[in-house]
Amino acid sequence: MKKILCALFALFMLGGISIAQPARPKLVVGIVIDQMRWDYLYRYQARYGEGGFKRLLNEGFSCENTRIPYIPSVTAIGHTSIYTGSVPSIHGIAGNNFVINGNIVYCTDDNNVKPVGSDGKAGYMSPANLWVTTIGDELRIATNNRSKVIGVSIKDRASILPAGHNPNGAFWFDDECGKFITSTYYMDKLPEWVNDFNKKKVADKYLGEKWETLYPIETYKESTSDANNYEKGIVKDASATMPLDLPSLFKKHGYKIIRNTPFGNSMTLDLAKAAVEGENLGGGSDTDFLAISCSSTDYIGHQVGTHAIETEDTYLRLDKSLADFFTYLDNKVGKGNYLVFLTADHGAMNSAQYLIDQRIPAGSYSETKAMEAINNALLAKYPSAGKLVKYLMNYQVFFDMDKINSLNLNYDEIKAIAVETLKKDPNVLYACDMEKASESSIPEEVKYRIINGYNRERSGGVQIVTKPGWYDGSLQGTTHGMWNPYDTHIPLVFMGWGIKHGATTKPHYMTDIAPTVAALLHIQAPSGCIGEPIF
């Protein structure tokens with residue numbers, strides 16, 4: 001027995017005995033549908049085909065009660081929280097825009113890098129403002145960088161933040177040149193597969209024809225009439241009435257118009273296929289990761305709201321595009337060899353005017369007027385101080401800290417005056433000092449979201465919570481940002497490798513996605529992860 005043990009030890013030291021690796025899929029695909037409310041899975045289901053959203057529900061596992069655990073519920077935070085399992089308090093992405101050293105900063109701006117693929121300002125981007133790892137970063141670490149990680153979206157932040165710090169590439173759309181680009185943070189030149197894709201002028205082809213409804217317009221029964229008072233127009237000077245003359249709009253507005261059409265999603269999934277081919281994703285010995293964000297749903301929703309024919313048509317077209325993409329993965333990677341999850345970064349409220357016409361309380365809240373009211377109240381207390389509120393965004397009050405410190409003013413007192421002023425606004429439900437949120441008389445469902453969303457270096461000093469149905473913006477179209485179910489109840493469906501069919505209505509959170517994927521892959525969860533695996 002002693003000789004056998006010695007022989008086994010010698011073989012082990014010489015590499016003679018292989019240690020089995022944990023079972024993993026060939027490819028993980030994360031799909032984020034920007035501004036997709038959970039109920040869109042079912043509102044348009046009668047018109048969905050069998051291969052897109054229905055396939056996800058019929059073959060996959062649906063977490064029907066998934067919520068966002070922070071405010072503000074916006075794009076940059078949503079994408080970051082999905083892929084990090086974390087919240088703004090920890091991961092540092094406190095909004096699409098936030099404040100660093102007294103100045104407003106865009107979430108992925110980075111003047112230390114340069115564009116690759118264009119000469120425009122759209123290329124000065126990186127994940128430098130992200131403080132934690134993503135699930136893709138952890139996969140790369142776990143496989144000694146053998147796994148490939150790619151992010152694609154027409155939105156820069158929706159590609160960069162999911163891809164993380166150490167991907168093989170992140171690519172986004174530049175409206176100026178009509179191409180997908182990247183930055184020197186990732187590489188010095190575009191891969192040939194991206195160059196080849198750009199040479200095809202895919203955007204030009206999609207914008208070369210009118211946007212007609214997929215089916216006869218009179219069959220769109222889940223939407224309001226095509227011409228109504230609930231929509232801003234597909235762009236500022238073009239009413240949202242079908243069909244839309246895309247060639248004329250393209251000529252007038254340039255490539256950016258594709259963002260406001262369902263074909264921005266189609267183009268994104270076209271690029272995703274090109275990424276699978278060009279990088280041979282799912283073709284190696286280690287698991288690869290593809291992060292996709294379909295952003296046109298958000299651009300369209302903001303313009304026309306949640307009950308427009310354009311919104312319905314966009315989801316019907318997206319359903320077909322997803323079905324085509326899943327079929328492509330079946331053939332390329334192999335059905336059962338890839339794991340996919342589909343979710344959203346946030347939802348959206350029904351347009352305020354639509355709700356008003358339904359006799360439901362709703363309205364428009366003005367951050368500009370709120371800022372003016374707070375400054376006036378503070379001026380009455382400190383006549384020589386001037387304006388002490390520097391910005392009001394993300395439903396947060398940002399004070400001029402340089403001025404407050406130089407004048408040696410009482411910051412706690414200033415915040416208290418701001419809170420009391422906001423409480424007098426009939427459209428404000430709650431206002432609180434962010435650092436004292438836990439002590440405030442606010443329901444736990446709202447309170448913990450304020451705490452999770454507060455980043456002491458990048459958030460404002462006072463949080464505003466509007467009454468349900470009120471948001472900063474016009475009565476037409478829609479927006480998002482609050483704690484309410486219409487903003488925070490999102491779809492979450494897993495399908496493919498290692499997933500059994502089923503559903504649950506147990507409460508889960510967006511932050512549970514990354515640790516679930518980490519558990520399935522047998523790798524470490526991201527460095528700021530606070531979520532729990534879903535099983």
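Strand 16 is covered on both faces: Val462, Ile464 and Thr466 are buried on one side, as are Gln463 and Val465 on the other. The model is a predicted one. The points below deal with strand 16 and its partners, a separate sheet entry, and helix 11.

**Strand 16 and its pairing**
- Strand 16 covers residues 462-466, and because five of the five are buried, with buried taken as under 20% relative accessible area, the strand is largely enclosed by the rest of the structure.
- Strand 15 (residues 428-433) runs antiparallel to strand 16 and is joined to it by five bridges.
- Within that pairing, Val428 has Thr466 of strand 16 as its bridge partner.
- Strand 14 (residues 396-399) is also antiparallel to strand 16, with two bridges between them.
- Gln463 in strand 16 lies opposite Gln396.

**The sheet 18-3-21**
- Three strands form an open sheet in the order 18-3-21, and their pairing is mixed.
- Strand 18 (489-490) and strand 21 (508-509) are at the edges with a single partner strand each, so each has one side without a neighbour in the sheet.
- Two bridges link strand 3 (residues 66-67) to strand 18 in the antiparallel sense.
- Ile490 in strand 18 stands opposite Thr66.

**Helix 11**
- Helix 11 spans residues 263-279; at 1.5 Å a residue its 17 residues should extend over 24 Å, and the end C-alpha atoms are 24 Å apart, which agrees.
- Of these 17 residues, 14 are buried, so helix 11 is largely enclosed by the rest of the structure.
- Asn280, just after helix 11, has a positive phi of about 55°.

Notes: Residues are numbered from 1 along each chain as its sequence is written. This is a predicted model: local features need pLDDT of at least 70, side-chain atom pairs count only at pLDDT 80 or more; totals for chains, interfaces and linings use all residues. Side-chain values use heavy atoms; hydrogens and water are left out. Helices (H or I, at least four residues) and strands (E, at least two) are DSSP runs, numbered from the N terminus. The expected span of a helix is 1.5 Å times one less than its number of residues. Buried means under 20% relative accessible area, exposed over 50%, partly exposed in between (1.4 Å probe, protein chains only). Two strands pair if DSSP finds at least two bridges between them.
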